[in-house]
Amino acid sequence: MNVIEIENLSKTFRGKRRALVQALQSMSLTIDQGETFGFLGPNGAGKSTTIKIIMGLIRPTTGIARLMGMDASHSAARAKVGFLPENPAFYDFLTAEEYLRFVARIFGLSGKALNQQLERVLSLLDLQEARRRPIRGYSKGMVQRLGLAQALIHDPEVLILDEPMSGLDPVGRALVKQVLLELRSQGKTIFFSTHITSDVEVICDRVGVIVKGKMQAIERVEDVLLRQTSGYDIHVCHPRTGLHKTVFSEAKTLPEIIVSSRDEGFEVIKLEPRRQNLESFFLDIVKSNHE
Amino acid sequence: MWQVFRANLKGIFRDRVFLGILVAATIFPLIPSVSSLSMRQVTELSITLSFSLLTFILLLLAIFLGGTSLWKDIERRYTFSIAGLPLTRGQYLLGKFAAIAVFLLLVSLVLGLLLLMTVYVTSILHPPIRPVVWGNLVLAVLFHCLKYILLVSFTFLFSTVSTSFFLPIFGTIAVFFVGTASQQVFDFLQSPSGQKLPVLLQQIATGLYYIVPNFTAFDLNVNAIYALDVPLNGIGLTLLYFIVYLVIILSCASFLFARRELN
Ligand SMILES: Nc1ncnc2c1ncn2[C@@H]1O[C@H](COP(=O)(O)OP(=O)(O)OP(=O)(O)O)[C@@H](O)[C@H]1O
Ligand SMILES: [Mg+2]
């Protein structure tokens, strides 16, 4: 089953003084079950707009958005979906524990199962200490982690996350990355938007790049990375003189260069693939759109 | 819906502003002594004053709780996190409405008890000519409460189409005044001098009379003050009117909220 299906989606906002903002232009996208999809794009590209349409918060101007095979406006479509909005805000007069219980009950959890899930997500996202404090007093990163906790509390099949890493410190980022990898290995479907290309590299099966409301490329991450490997850095050292050297080689010439360095009396100490990573792939697309 | 109701009710109880409004209830104990300054009809006066205080508090609560409830969710972007749950917009809206309605009922219960105690104290000190009919007082409090619950539904209706709190608050205040005066205006229009007004004005006033709720019907103060019999079929009709009106307004609000873009 296709978890997310977007066909020919367009969204035009009517701004102040009747100015029209075309946030999305005939976008199409299909996300399969079990897939991890990274949604990359510069600021204002239309990532959040797409996600809001998928979650039924706003309606498309034209085109269709389906979630779990249902029209995105159906509340039942969200029953097995965990959603983290961009810069989330939660009823701040409640404590984390109360809020998580509130969300869990809406997803139909109760009793022992609810308590188990509550403990699980609280410790998973390191919120145990703050659990009985009102959300009003939380830092940005704590609210973000609570956002992930409430998205995970019903152990959903599908996760839709708008910038899950935003506002987190390096420890939090590493934690969330770990959580996402774990979910991926459990076969969950993950769709998330981000600005951080390296996260997509590590976590995602596929990547989509959106610029100015248009989907510019949808590719397998693996393919992009393979294509982008331009060569290797060979670090060598001369045992007697102690002379250090780094030589660059393309993939084709790699064996010859290693052999010839040996002949000159050098030892190879490190071999590094020089990747033009996903970042350059992303930047190239953005640049070509500016021209 | 039940969960939204619970969470929002908690929110109201934890909101200092609304508890602050309730502090106005501490005026109740002053009423007996203030009323006794008038030499005649002391108990009648204390009933009038008590009802004024009760309805004033309920009016403030209804307008500010109702007017800011949905608006605050939208303004603080709680809507993203809640509308992303498997709830229909209707359930979301009704849950919030129910929280305020139940809160007003609870407040009416507490204030109603204070009112009864106040009137009781006065009636002991200054026995009225006609004995107080306690059932009338209770009914009057109940119907005031229903009136303000109906008013809250208007704040919700306005909130679903508005981006600020301006329309919900001031629109509802307008509805309240028109709804309170509409019966008198209507009666006036039926009178000979009313018939002399321009036809267009008459039509507008008559139109408003039918669109805006008639709050006069909910006002049983006179029955309570002068211990007059409450016509049962009259309040039965008012109750029916309340239910039908509420269902219509809330249905419209749910319909509009379902179409609302939550940005
Ligand atoms: N309610 C709105 N009214 C008018 N324009 C809007 C509205 N919401 C979004 N836009 C416009 O639509 C475009 C896409 O916005 P969107 O929030 O989807 O971008 P984004 O890709 O999520 O950006 P970011 O990375 O900064 O979060 C922007 O040009 C934005 O100004
Ligand atoms: Mg965004």
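This briefing walks through a magnesium site, a hairpin and some aromatic contacts in the structure above. The model is predicted, so to speak of local features a pLDDT of at least 70 is needed, side-chain atom pairs count only at pLDDT 80 or more, and totals for chains, interfaces and linings use all residues. Residues are numbered from 1 along each chain as its sequence is written, chains are lettered from A and ligands numbered from 1 in the order in which they are written, and side-chain values use heavy atoms, leaving out hydrogens and water.

**Magnesium site**

- Ser48(A), through OG, and Glu86(A), through OE, are the protein donors of the magnesium ion (ligand 2), at 1.9 to 2.2 Å.
- Donors here are N, O and S atoms within 2.8 Å of the metal (3.2 Å for Na, K and Ca), and sites may look incomplete because water is not among the atoms.
- The two donors come from distant parts of the chain, 38 residues apart: Ser48(A) belongs to helix 1 (residues 47-54) of chain A, and Glu86(A) to the loop between strand 6 and helix 2 of chain A.
- Helices (H or I, at least four residues) and strands (E, at least two) are DSSP runs numbered from the N terminus.
- Ser48(A) is buried at 13% relative accessibility, while Glu86(A) is partly exposed at 29%.
- Buried means under 20% relative accessible area, exposed over 50%, and partly exposed in between (1.4 Å probe, protein chains only).

**Positive phi and a hairpin**

- Asn87(A) is not a glycine, yet has a positive phi of about 40°; its place is the loop between strand 6 (81-84) and helix 2 (96-106) of chain A.
- Lys212(A), with a positive phi of about 50°, sits in the turn of a hairpin that strand 9 and strand 10 of chain A form with two residues between them.
- Lys212(A) is exposed, at 52% relative accessibility.
- These two strands run antiparallel and are joined by six bridges; strands pair if DSSP finds at least two bridges between them.

**Aromatic contacts**

- Over all chains there are 25 aromatic pairs, counted for rings of Phe, Tyr and Trp (its six-membered ring) with centres within 6.5 Å; planes under 30 degrees apart are stacked, over 60 edge-to-face, and the rest tilted.
- One of them is the tilted pair of Phe37(A) and Phe39(A), 6.5 Å centre to centre with 50° between the planes; both residues are buried.
- Tyr92(B) and Phe257(B) are also tilted, with centres 5.6 Å apart and planes at 50°.
- Tyr92(B) lies in helix 6 (residues 89-125) and Phe257(B) in helix 12 (residues 232-259) of chain B, so this pair ties together parts 165 residues apart in sequence.
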